[in-house]
Every structure is written in C-alpha cells, then in structure tokens.
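Student: Could we go through this structure together? I should like to discuss packing and one particular side chain.

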Amino acid sequence: MPYLVAADLPSDPAGVRFRALIERGSIVRMPGAHNGMAALQAKAAGFEALYLSGAAMTASMGLPDLGMITVDEVAFFIRQIARAGGLPTLVDGDTGYGEALNVMHMVRTFEDAGAGAVHIEDQLLPKKCGHLNDKKLADARDMAAKVAAAAKARRHLYLIARTDAAASEGIDGAVARAKLYIEAGADAIFPEALTTAEMFRAFAARMPGVPLLANMTEFGRTPFFTADEFQQMGYRMVIWPVSSLRVANKAQQKLYATLQRDGSTQAMLGDMQTRAELYETLGLDRFEALDASIVRSIAPDSVAS
C-alpha cells in the first residue's frame, strides 16, 4: 500500500532494520539508488537495503563529488528514497560536514529523514572520490573524535567508519585507523579503494569479528568481484554506488542525441519505460484506490434539503 497508510509502515526504525540485516549473517547487497524511482525499481528487483552515494547525488545535481553539498540537500534525497522504497538505506556522509558538533547535527538530520545507516570518511576537505589520487587524510585521532560524536548523537543509526588510508599508508595504516574508529564507537568499517583480492582478505583477517563493507564501483581501482566473492573474503556488506546513475545518464545522453538528430523521440521508444510500466512502478492504482476509499468513508449518504 502507499506509504501514506500508517498501518503499512515498518514498526521498527530504519537503523534497527539495517542492523538486523547485518546480523543475519549473509552479505547485504546494497545497490545505489540516486532517487525515489531508483529505490522503487531496486525494491521491485528484490533488494532489501539501498545505498545513497554522495557521488551519485552530486552528479545528479550537475556537481562534482568534492564535498560541496549540504546536510539539508542530502536529507532531501534521503526522504524521497526512504519514502519510496521503505528500505533501510546506508547514506554517504562524506567527512561529516565539519567537526564534532557538525557531525552530530548530520546524524540527527539523517536519522530524522529516515536513514538506516551512515558512513563518514577520514579525508580532509575538499574530499575526493575514494578511487582518485592525492587524497588528503585527516589525523586518525580527529577522525575518531568524529566517530565518537556520531555515536553519541545517534539513536538507532548504524555507524560505519570509512578509511581511505590504504592508498597512502598501506594495509597496516588502514587497519590501525580502523581499530581506533571501532574503539570510538563505529559499528563497522569501510576500507576504501582496495586494489586486489589479497588486500581485501588481508584487511578482513586483521579485523576479526568486525563487519566490513566493500565498494564495487565501476571504473575504479577495485577489480570486479561478485557479492558472493566478497562474502568469501570476509565482508558483510557490498555497495554498487553509482551504477544506477551511470546507466540512467548513458540512456539520457542517447535520448538527447537522438532527439537533436531526428527531431523526434520515435527511434527511442523501445528504450523507454512505458506509461503503463511507470504507473505500475509508482503504484498509481493503489493511491487512487486509497483516495477513493477515503472519499467514500466521509461522504454523506444524501444531501440535506
């Protein structure tokens, strides 16, 4: 039923539902969903959790992923994805939008918007995509303070600390940071931009019992692995952060080129979601039925004379 009906909404907060998925044991697969429609389509495909990527958000706004967007702009995306899909969603919190108090404000805002989990990273601004070079790392103790602040601010939000240290400090440095972040209150660790299966296995071996997240982004430093392969390497979560946006952008680029060339969209009809498919995905009939049922329930039997 539409999200408007309270009785159809989940009884547990998104953070509780997210944690339950992690504790179930099998790897949690989280495709990126860059808007509400993507969330609906991912849910229809059978996914149980989603990922909201900072890179996808900024790209959809026509901006690079340099930490330029604000907490309130991210909350807009969180609300539409949580509303549309109803699935617990992991949100990219970049560097926390500032220091301790800013991080706490971010956590409260994201949780109130419906997020199930957040990750923050140990880069300095202007931050970069984790698969680019010349990233500047924050002092590990400063990052740990942010993690502690986030842990103090959350009610149910699942907290993941991301470290980008592997590229510059190696596995030893990344592991040392990760252990500090766990001590500060993180629930899980996201080691970014590992480049070989050996690195993934080595990191997992040195973080026994700690839930780990793998990033399977395309066109990055990480070779392609399947979700099952990540699980075998010791990982409990995997994200495909920008895949939905990449596919949508490529199709949109083709549409505009065709329209400019032909002056018509007819050649693209086979690549389009039909009107019927759109309405089915949106659940238009259920909204209409709900509206009609409420109108009937309050309408008088007859008009008073």
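**A buried arginine and its surroundings**

Student: Which residues is Arg-177 in contact with, leaving aside its neighbours within four places in sequence?

Tutor: Arg-177 is in contact with Asp-122, Leu-137, Ala-138, Asp-139, Ala-140, Thr-163, Ala-165 and Glu-169, where contact means heavy atoms within 4.5 Å. This is a predicted model, in which local features need pLDDT of at least 70, side-chain atom pairs count only at pLDDT 80 or more, and totals for chains, interfaces and linings use all residues. Residues are numbered from 1 along each chain as its sequence is written, and side-chain values use heavy atoms, with hydrogens and water left out.

Student: Is Arg-177 buried or exposed?

Tutor: Arg-177 counts as buried because its relative accessibility is 7%; buried means under 20% relative accessible area with a 1.4 Å probe, protein chains only.

Student: What does the side chain of Arg-177 reach at 2.9 Å?

Tutor: That partner is the backbone oxygen of Ala-138. The Arg-177 side chain also has a polar contact of 3.2 Å with the side chain of Asp-122 (a pair of N or O atoms within 3.5 Å, one able to donate a hydrogen and the other to accept it; residues adjacent in sequence count only if both atoms are side-chain atoms).

Student: Changing topic, how many residues has the largest nonpolar core?

Tutor: The largest core has 62 residues, a core being buried Ala, Val, Leu, Ile, Met, Phe, Trp, Tyr and Cys residues joined through side-chain atoms within 4.5 Å. Phe-203 is among those with the most contacts inside it, and Phe-203 touches residues including Ile-171, Ile-189 and Tyr-235. A second, separate core of 16 residues includes Leu-21 and Tyr-158.

Note on methods. Buried < 20%, exposed > 50% of the residue type's maximum accessible area, 1.4 Å probe, protein only.
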